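Please open the model in your viewer and keep the sequence beside it, so that each selection can be followed in both. The tour goes from stop to stop, saying what to select and what is to be found there.

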Amino acid sequence: MIQRPALIAPSILSGDFARLADESRELKKQGADWLHVDVMDGHFVPNMTLGPCVVSSLRKATDLFLDCHLMISDPGFYAPKFAEAGADMVTFHIEAIDDPAPLIKELKEKGTKVGIAVKPGTDLKKTLEYASDLDLILVMTVEPGFGGQSFMADMMDKVREARTKTGDHVHVQVDGGLNPETTVTAANAGANVIVAGSAIFKAPDRAATIASLRQAVELAAL
Ligand code: DX5
Ligand code: ZN
């Protein structure tokens, strides 16, 4: 069995937006592998967060891998702007685009890694058609829009399908309701990239929580 890297991606949605640079520097010291940046447009989801100019500022503030999750209705227009702003990974939702192929190509030409996300009610059929060109599949384990929701364990069949039907180069990411316990469930199903907002930001010891999330993935991969 291939040992995929356990990657912990704190979601800055749960952080203090007035001190994103400090948050990103602290998270790096606390052991974060990636910084998960939730982008919401108030249309694809009923919440709003930030745009490419904030990613551009974050890019100057940290060398952490910037993992941008676009919960927006028009990724065809906006996703390249996040790549230009310095995102390392741009993940857009399959529900928001008819034909992802041209966008995947455009993002890759800009040197960005590319992921596709699926909401809880969406199956993987269409996403898997593009899997050979993807770096990541994001299986949402809550309805996108807000942090602090409960993990949907019934998404684990989809995680297993993403893991077993894609090549070794594809990361399987889960996002929503992840804590050290639910991470065991997700990692056993095949997830290796763990997004966590509340569990890390509300923890008295963030470094210890990040370490325990990583350990849960590493133990599952043995
Ligand atoms: C939900 C976001 C998540 C969210 C995770 O739309 O994509 O990244 O911030 O937060 P928790 O870990 O609190 O569920
Ligand atoms: Zn997210």
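In which sense do strand 1 (residues 7–10) and strand 8 (residues 193–196) pair, and over how many bridges? If you select these two strands, you will find them paired in the parallel sense, with four bridges between them. Bear in mind throughout that this is a predicted model; the pLDDT averages 97 over the chain, and 98% of the residues score at least 70.

**Strand 8 and its partners**

Stay with strand 8 and show its side chains: Val193 and Val195 lie on one side, Ile194 and Ala196 on the other, and with all four buried, both faces of the strand are covered. Now pick Val195 and look across to strand 1, where Ala9 stands opposite this residue. Then add strand 7 (residues 171–175), which pairs with strand 8 in the parallel sense over three bridges, and look for Asp175, which also stands opposite Val195. From strand 7 the chain passes through helix 7 (residues 180–189) before it reaches strand 8, and this β-α-β crossover is right-handed.

**Helix 7**

Select helix 7 next and colour its buried residues, which are Thr182, Thr183, Ala186, Ala187 and Ala189. If you turn the view to look down the axis of helix 7, these buried residues fall within an arc of 155°, so they line one face of the helix. On the other side of helix 7 you will find Glu181 and Asn188, which are exposed.

**The zinc ion**

Return to Asp175 and, from there, select the zinc ion (ligand 2), which is coordinated by this residue (OD) together with His36 (NE2), Asp38 (OD) and His69 (ND1), at 2.0 to 2.3 Å. In the sequence, the donors of the zinc ion (ligand 2) follow the spacing H-x1-D-x30-H-x105-D. Of these residues, His36 and Asp38 are both buried. Is the site of the zinc ion (ligand 2) octahedral or irregular? The site has six donor atoms, with angles of 64 to 167° among them, and it is irregular. For six donors to count as octahedral, opposite donors must be over 155 degrees apart and all others between 65 and 115, and the angle of 64° at the zinc ion (ligand 2) falls outside those ranges, so the site is classed as irregular.

**Strand 4, with a neighbour on either hand**

Move on to strand 4 (residues 89–93), which has the highest mean pLDDT among the elements of the chain, at 99. Five of the five residues of strand 4 are buried, so this strand is largely enclosed by the rest of the structure. Show the side chains and you will see that Met89, Thr91 and His93 point one way from strand 4, while Val90 and Phe92 point the other way. In a regular strand, the side chains alternate in this manner between the two faces of the sheet.

Add strand 3 (residues 65–71), which pairs with strand 4 in the parallel sense over four bridges, and find Leu70, which stands opposite Phe92. Add also strand 5 (residues 113–118), which runs parallel to strand 4 and is joined to it by five bridges; here Ile116 is the residue that Phe92 stands opposite. Two helices complete this view: strand 3, helix 3 (residues 75–85) and strand 4 make a right-handed β-α-β unit, and strand 4, helix 4 (residues 101–109) and strand 5 make another right-handed unit of this kind.

**Helix 4**

Select helix 4 by itself, and mark Leu103, Ile104 and Leu107, which are buried. Viewed down the axis of helix 4, the buried residues fall within an arc of 100°, so they line one face of the helix. The face turned away from that buried side carries Lys105 and Glu109, which are exposed.

**Two last stops**

Which residue of helix 2 (residues 52–61) should be picked next? Choose Ala61, which counts as buried with a relative accessible area of 17%. Ala61 and Arg25 are 36 residues apart in sequence, and their C-alpha atoms are 7.7 Å apart in space.

Finish at helix 9 (residues 206–221), whose mean pLDDT of 95 is the lowest among the elements of the chain. Gln215 is found in this helix and, at 47% relative accessibility, counts as partly exposed. If you draw a distance from the C-alpha atom of Gln215 to that of Thr112, which is 103 residues away along the chain, the separation is 28 Å.

Notes. Residues are numbered from 1 along each chain as its sequence is written. Chains are lettered from A and ligands numbered from 1 in the order in which they are written. This is a predicted model: local features need pLDDT of at least 70, side-chain atom pairs count only at pLDDT 80 or more; totals for chains, interfaces and linings use all residues. Side-chain values use heavy atoms; hydrogens and water are left out. Donors are N, O and S atoms within 2.8 Å of the metal (3.2 Å for Na, K and Ca); water is not among the atoms, so sites may look incomplete. Four donors count as tetrahedral if all angles lie between 85 and 135 degrees; four count as square planar and six as octahedral if opposite donors are over 155 degrees apart and all others between 65 and 115; anything else is irregular. Buried means under 20% relative accessible area, exposed over 50%, partly exposed in between (1.4 Å probe, protein chains only). Two strands pair if DSSP finds at least two bridges between them. A crossover is right-handed if, with the strands pointing away from the viewer, the path from the first strand over the helix to the second runs clockwise. pLDDT is the predictor's confidence in each residue, from 0 to 100. The arc is that of the directions from the helix axis to the C-beta atoms.
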